[in-house]
Amino acid sequence: MKIRRLLLLAAIIGLVLVPVLLSQSLINAAIQMLIASLFACAFSLLCGQGGMLSFGHAAYFGVGAFATVHAMNAFGGAGLLPTPFLPLVGAAMGLVVGLIAGWFATKRTGVYFAMITLALAELLYALAPHIKGWFGGEAGVSSMRMPAFGLSFGSNTQVYYLTLAWVLVSLGLLYLFTLTPLGRLTLGLRENARRLSFLGYDVHRVSVLVFAISAMFSGIAGSLQALNMEAANYVIFDLQGSAEVLLNSFIGGVTVFLGPALGAALMTFFGYLVSDMTHAWLLYKGLLFVVVMLFIPRGIAGLVQSVTADIRRQGLARMAPSMALYVAASILLMAGTVYLVEMLQRFFSQDYRSLAALNGKGWPPIAVFGSHWAPTSVLTWAAPILALIAGLAVLRLAHARWTSILENEEGVQTLLARDSAAARGQP
Amino acid sequence: MDYFLVSLLNGLIYGLLLFMVSAGLTLIFGMMGVLNFAHASFYMLGAYFAYLLGRYIGFWPAIVCATALVGLVGVVVERYFLRKVHKYGHAHELLLTFGLSFIIAELVKLFFGNYPVDYHVPAMLSFPAFHAGPLAYPAYRLIMGAIALLMFGVIYLLLTRTRVGIIVRSAIYKPAMAEALGHNVPRVFMAVFGVGAALAGLAGAVAGAFYTTNPNMAIELGVLVFVVVVVGGLGSLEGAMLASLLIGLLTAFSVGVDYSLADLFTWLGAGDWARRMGGLFTLKLSGLSATLPYALMLLILLVRPSGLMGEKE
């Protein structure tokens, strides 16, 4: 517990120091990471704790953003509130829209709920470009950040601190919410809603409240996004946004409070890093998501938890070799996949096709990772496939070792228990 | 009158197409409780496979092969992906299929580019069936409708008149009992999943040639198909048929209607007020036609939460 608090403190200090240490463009990436983290945590209040899988959370993010832009433009550009308090508008809008949408969506549970949230978001997405007064049509609505309290909010650094403050406060509130009676009831919704209703709670009302609170914090995230971009466009309602937050949260792990934030921060950061290098970033993200769903259903945070628990029980020395094997296997698998995808992407790209047609004599070599590969050579395709096969083999080995260590431990304990029982039986 | 006839036919045929995709979805849902998010991706795969194969083996053989291939993909998805996460519950399965749909869309973009491909109706099939006023009605639309009807007939007879159908229906109704009687229920699930996927693939292969074949076609249709399932009711084939036709007709007729809410208010004597309000009030119904299915769904949820033909919550 103490270690966890120290880690949290260190993380906060690190976040405060970010603008001092990083370049301007990285600060912008950090702002995006913070916003994505808050959005993911708001989302997983509903889906991780409440067990209600929403496929349309971009809607509440979006209305928060639009409400903020309109609030910034209110009174001839003077703003409805001083700039630092504008996220309150996004929060209010998210709450109101969340109450309405939640009332519909929570009438059903399970997969029906998921479909309704999806349809509601698609409804908004289909409607938004037609309502020019609210959503500004295809062009969207733009605005300017106004100075307030002696701060100009002109630089990235100031926006960063504003975002950081709001995100930390919101995450704190979200955490405190889990400690309230309603927060405990949220878990009850996930575990056994029927039992809650037997206990006399109005399940529909509780669900709507949880939905609205989740939408409210999503609205704050959207609002911060609008403050950062100084604009909002109806594309924000696209399914892509809803998919993004869902993928981020589950990759991070929704069973741990800060898991979704971790996932969102990591994914946004990687997205920022590789989006210039590859066209297939979304494919990697999808692959990662499916791998997580298949093999580590509790996400990265859950994985870290169970690994640390195993290490604590077994000692680092015994687990280290198989952990090293796991890492080696992941590296091999990742290298093989990335190479294969990048090769295919370049091979099937339109540029390459026209280049090959112009060239006239066969396929020119493809540049991947600084060297050129002939697409007709066997080696080009055999190398990644061999890497994948080797990766799978190492993975099997690592898995076998890991489970045998855990099983041995259990076996030893049952033997010991039997011995002691026998000793007691025959004095 | 011509407008009415053409809209009616368009609506019916679009509805039949929707039904072709949602039939598999609703069967799988009724059977395994899995809402297959990747179902519309099978529709897209069907179109792309048919496009790819059609360049080498001709239009009709390509459609047959594409259908079989998509069915195979469906079997693989069920056997090697869904079955693995079955123990974590339905939400997890939904998430997995969501991830798969994401991957399929991205793979299609990788191989075919992020733009529509040139998949079209072959010249020998693109002739007008009849003339309605100045409009030539394409015969291919009628062929699509016929294929959907044929498929519905075959499925219906298969489910109600054959031994296989009895086993499938019993596996839907009481899987544990069917298993106890010696039927291999997991294999039945796999087969139904494959057939459902193949139906979606067939729909894609046939419709992709008429409409556009692009990487977004899955998600565009997919959401609509979910609406069909909600409106029609859980796992009900007849409900899916009814809802598909309803939504098809609704979209087909609303595209041609130029009235807005303000006109309704004019009739009530408050037109000027409504026009001053702007926003929603002055939107023409034709512009809103894409949103009508969702509105219908919300309405159904309000008045009959179990769907048109659904029996249980």
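Which residues in α4(A) are buried? Keep that in mind while you load this predicted model.

**Stop 1: α4 of chain A**

Select residues 87-105 of chain A, helix α4. Colour the buried positions: P87(A), V89(A), G90(A), A91(A), M93(A), G94(A), L95(A), V97(A), G98(A), A101(A), G102(A) and A105(A). Now check the length of the helix. Its 19 residues, at 1.5 Å a residue, should span 27 Å, and the end C-alpha atoms lie 25 Å apart, so expectation and model agree.

**Stop 2: where chain A meets chain B**

Show both chains. Here 37 residues of chain A contact 37 residues of chain B. On the chain A side, select α5 (110-127), α6 (132-135), α10 (239-252), α12 (281-295) and α14 (316-348); each supplies at least two residues. Highlight α5(A), which gives the largest share, 12 residues. Then colour this side of chain A by residue class: 28 are nonpolar, 6 polar and 3 charged.

**Stop 3: α1 and α10 of chain B**

Move to chain B. Select helix α1, residues 2-32, together with helix α10, residues 237-254. Their axes come within 7 Å and cross at roughly 145°. The crossing is right-handed. Of the residues in this contact, 15 are nonpolar and 9 polar, with no charged ones.

**Stop 4: α1 and α9 of chain B**

Keep α1(B) and add helix α9(B), residues 217-232. These axes come within 9 Å and cross at roughly 60°. The two helices are therefore oblique to each other. This crossing, too, is right-handed. Pick out the contact residues next. From α1(B), take L18(B), V21(B), S22(B), L25(B), T26(B) and F29(B). From α9(B), take L221(B), L224(B), V225(B), V228(B), V229(B) and G232(B). By class, the contact holds 9 nonpolar and 3 polar residues, and no charged ones.

**Stop 5: V192 of chain B**

Centre on V192(B), in helix α8 (residues 185-210) of chain B. Is V192(B) buried or exposed? It has 21 C-beta neighbours inside 10 Å, and 20 are enough to count as buried, so V192(B) is buried. Next, show its contacts beyond four places in sequence: L27(B), I28(B), M31(B) and V168(B). L27(B), I28(B) and M31(B) fall within the residue range of α1(B), 2-32. Finish with a distance from V192(B) to F226(B), 34 residues apart along the chain. Their C-alpha atoms are separated by 19 Å.

How values were computed
Residues numbered from 1 in each chain as written. Chains lettered and ligands numbered in written order. Predicted model: local features only at pLDDT ≥ 70, side-chain atom pairs only at ≥ 80, totals over all residues. Axes fitted to C-alpha atoms, helices over the stretch in contact; angles between N-to-C directions. Helix = DSSP H or I, 4+ residues; strand = E, 2+ residues; numbered from the N terminus. Left-handed = near helix turned anticlockwise from the far one by under 90°. Nonpolar A, V, L, I, M, F, W, Y, C, P; charged D, E, K, R; others polar. Parallel < 35°, antiparallel > 145°, perpendicular 65-115°, else oblique. Contact = placed C-beta atoms within 7 Å. Expected span 1.5 Å × (residues − 1). Buried ≥ 20, exposed ≤ 12 C-beta atoms within 10 Å, placed from the backbone.
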